[in-house]
Amino acid sequence: GIASVFARQIWDSRGCPTVEAEVTLASGASGRAAAPAGASRGEYEAIDLRDGGIAFGGKGVGRAVDAVNGPIAKALQAVDARDQALVDSRMIEGDGTSNKSVFGGNATVAVSMAVAHAVADAEGLPLWRLLAGDRHVRIPLPEIQIFGGGAHAGRRTDVQDFMIMAPQAGSIRRALEITGNVYHAAGAAMEDAGLLAGTADEGGWWPNFDSNEAALSMLVSAIERAGYRPGEDVFISLDIAANELRSGTGYQLNLDGEKLSSDEIVDRVVRWSEDYPILSVEDPVGQDDTAGMANITARIGETVQIIGDDFLVTDAGRVAKAAEAAAGNAVLVKVNQAGTLTEARAALETARELGWATIVSARSGETEDVTIAHLATGWNAGQIKVGSFARSERMAKWNELLRIEEALGSNAEFAGAGGLPRRVG
Ligand code: PGA
Ligand code: ZN
């Protein structure tokens, strides 16, 4: 049973406050976890409860910390920690809202993950193994950012994430080697072009480009410069994060000075997928544009992964509706969009049952917490997205995956192309 639940305010990778929870069981076993925080957030996500006011630019998490130390701690007293569904439902009921606006999704997600860590500690198992049980697991295929734009780089480019994927890498160790080589080749190419200007929020190179296409071309050159074949060894993955581009009924591409309709932004992304070796596209349209998602899926979904992030907000009901409309073929799973492990896992399992691919994802605001490396492996997600290949809040997750692969030894299977939607890749 749960003996104590405690939270404190700590600091995230952007120097902003976040919630860290510690859970101790009667046996003395314990677990700790920290809430991540998004910058390009969907309207239908669980609420990230902030104090407002003057301190910390309004971003204090005192109210969320108080929710953990008060009502959540009380609701979980003596609850069987092994029953994650019960733990999470106690928090969901105690909050009483559909978007966790009373306790804060940042409070509930930290506690939910800390409880899972405490059980893993009690059982003497790594969390990924606790979650997987006896089932065979795969090491997820990573998508890793090289240039970071959009809301993570002062909107220097419209597209938020310019990423790479190496489905043929064979192991996470090799996939990370390839990524490191491309990341450094991209930095050297930026330096040669006089464009090097530090990094963005998730560690990707600052996107000092005059057009989205210039970034795509530079990415292709970087893949070649690192000695790989674009479209064979290494592919491009984009997060358009088009929810952030919404303007009236259309989309504003500031870099190109254009206002596009839903059909036109889909045309644009389809053209990019023809001109560049693009394997995956996330949120090509906004959170409510089901028709736009269905349109792009009908046009390129046979060969390109179409991911819903802000569009699906890790919600099983939204995933089921999207699948019915053939609006996408993959779901991004961010535990803090849902607010508990149980709800996030339900979104993932719903997608899997409907034949969709699954990607467990970090947020742009992160900490040293490595829980998502365990969730992606233990839940047998096909893919994982953590940001770029610099800054330790990112590298901590990649390095944890290396340890998991090592622990699996000869049983380690890399999801590779098998982690993508059927037929894609
Ligand atoms: P966010 O960005 O964490 O700022 O929402 C990540 C993403 O859009 O995938
Ligand atoms: Zn996204």
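The paragraphs below follow two lysines and a zinc ion through this predicted model.

A starting point comes from UniProt, where an unreviewed entry lists Gln160, Lys334, Arg363, Ser364 and Lys385 under "binding site". Two of these residues, Lys334 and Lys385, can be traced further into the structure.

Lys334 sits in the loop that runs between strand S12 (330-333) and helix H10 (335-338). Because its relative accessibility is 5% and buried means under 20%, Lys334 counts as buried. Apart from its neighbours within four places in sequence, Lys334 is in contact with Asp309, Thr314, Ser361, Ala362 and Arg363, and with Asp309 there is a polar contact of 2.7 Å between the side chains.

Lys385, by contrast, belongs to a strand, S14 (residues 383-388). With a relative accessible area of 6%, Lys385 is buried. If residues up to four places away in sequence are not counted, Lys385 touches a list of residues that includes Glu143, Asp161, Asp239, Glu282 and Leu332, and its side chain is joined to that of Asp239 by a polar contact of 3.0 Å.

What coordinates the zinc ion (ligand 2)? The donors are Asp239 (OD), Glu282 (OE) and Asp309 (OD), at 2.1 to 2.2 Å, and along the sequence these donor residues follow the spacing D-x42-E-x26-D. Asp239 lies in strand S6 (residues 235-239), whereas Asp309 lies in the loop between strand S11 (305-308) and helix H9 (316-324), so this pair ties together parts that are 70 residues apart in sequence. Both Asp239 and Asp309 are buried.

The two descriptions can now be joined: Asp309, a donor to the zinc ion (ligand 2), has a side-chain polar contact with Lys334, while Asp239, also a donor, has one with Lys385.

Note on methods: Residues numbered from 1 in each chain as written. Chains lettered and ligands numbered in written order. Predicted model: local features only at pLDDT ≥ 70, side-chain atom pairs only at ≥ 80, totals over all residues. Heavy atoms only, no water. UniProt positions renumbered as here; feature names shortened; annotations may be inferred. Helix = DSSP H or I, 4+ residues; strand = E, 2+ residues; numbered from the N terminus. Buried < 20%, exposed > 50% of the residue type's maximum accessible area, 1.4 Å probe, protein only. Contact = heavy atoms within 4.5 Å. Polar contact = N/O pair within 3.5 Å; in protein donor to acceptor, adjacent residues only side chain to side chain. Donors = N, O, S within 2.8 Å, 3.2 Å for Na, K, Ca; no water.
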